[in-house]
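Welcome! Below are a few short exercises, each with a solution worked out step by step. Take a look at the structure first, then try each task before reading on.

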Amino acid sequence: MKNNRYILVYLVLISLLCIVSISAISGSENVTKEVISTDNNQKLILDENIKEDVSQSSNNKEVNSAEEKNEDDLKSNTDKPKLNEKPLTSTKSNKNINSNSNNANSVSAQKAIKCKIETSYFKENNNNLRLHIWLRGPDYKLIGGVKLKIHETYKGKSKDHYVRTLSYNQKEIIFKHLGIGTHKYVITSTNPKYQASTTIRVTIPKKTIKTIIIKAIGKGYKTSYKNIRPDSSLSFYREIKQSPSTEKLYVELWHPYVSSQPYKITKVQYFFKNAYNGKVIKRTISKVYKSGLIYYTALKIPAWYYKPMGAKVWYRPV
């Protein structure tokens, strides 16, 4: 009986083992099926992973590009100078510009043509000054169309005048009603192509009248001279005529064109001697004529027997 029980237990164990092995085999088949299904779906899973990776990479790229833009903005902001701060290169560039301009000026100064400003002037009765200006080149030819600056100073005050030169004649400038004293005129060329400058001084004196006596020479028609100054002189002469009764006596005051202080005659008193009785008579002439730079008076001889002795001349600065 005991043996039969053991046999039954053994059979039961064998059947259980079989069942377990069968279940294991079926489980392995299911596993392979699941593996195969997973292999079939692996492409989809990989595609989804790839898409997710791509989307993540694109997102990462966008983030990186945004970060790069931010970094570029930060760099540009740091590179840009602040409003309150001056760029360091501006001073250097300004220095370079200034140096270039100085070099250009030096070159233009080197290429400038040296010219000569010639002047002449004379003063009129009403304290007007007539100033004549020439601009001559190295070949002594007149240069026209050049702008000149005339800087006038008088008693601490200054004033600028501008004039253009002529190519065929002198340029005349009239300064009206000058005050008593010294007027200084500095004349320079404003055109950088021509280098020229000169300075003149004009003195307007007080209208003080002076007198001088000039004598006639002998009985003939010789002219007598008397200097007022080295640049001004008086002359007394007799006009030559066939009839002595129609002859005239002249007193002239002459000064050169560039006289620094011209004079004019105000009146003349002529002296005559009677050849018969020796008496001296006087004739006064206040009518004064002007011819160019000469002031003169003329008087007809009263009679053939009146012999001229000389004249007393009143004169004053122009």
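**Exercise 1. Describe the chain as a whole: what surface does the chain expose, and how many helices and strands are there?**

Step 1. The chain exposes about 22000 Å², and carbon and sulfur atoms supply 55% of that area (Shrake-Rupley method with a 1.4 Å probe; for residues, only the protein chains shown count as cover).

Step 2. A word on the source: this is a predicted model, where local features need pLDDT of at least 70 and side-chain atom pairs count only at pLDDT 80 or more, while totals for chains, interfaces and linings use all residues. Residues are numbered from 1 along each chain as its sequence is written, and side-chain values use heavy atoms, leaving out hydrogens and water.

Step 3. The chain has three helices and 18 strands (DSSP runs numbered from the N terminus: helices are H or I with at least four residues, strands are E with at least two).

Step 4. Of the 318 residues in the chain, 28% are buried (buried is under 20% relative accessible area, exposed over 50%, partly exposed in between, with a 1.4 Å probe and protein chains only).

**Exercise 2. Compare two loop residues with positive phi: is N127 buried or exposed, and is K155 buried or exposed?**

Step 1. N127 sits in the loop between β2 (116–123) and β3 (129–136), and its phi is near 65°, a positive value in a residue other than glycine.

Step 2. With a relative accessible area of 14%, N127 is buried.

Step 3. K155 lies in the loop between β4 (147–154) and β5 (157–164); K155 is not a glycine either, yet has a positive phi of about 55°.

Step 4. K155 counts as exposed because its relative accessibility is 66%.

**Exercise 3. Find the neighbours of Y221: which residues does Y221 touch?**

Step 1. Locate Y221 in the loop between β10 (210–215) and β11 (224–229).

Step 2. Leaving aside residues up to four places away in sequence, Y221 touches R238, E239, I240, K241 and E247 (contact means heavy atoms within 4.5 Å).

Step 3. Y221 and I240 are 19 residues apart in sequence, with 7.0 Å from C-alpha to C-alpha.

Step 4. Y221 is partly exposed, at 37% relative accessibility.

**Exercise 4. Explore the largest nonpolar core: which of its residues touch the most other members?**

Step 1. This core has 24 residues, and L234, V251, I265, Y270 and V313 touch the most other members (a nonpolar core is a set of buried Ala, Val, Leu, Ile, Met, Phe, Trp, Tyr and Cys residues joined through side-chain atoms within 4.5 Å).

Step 2. β14 gives the largest share of this core, five residues.
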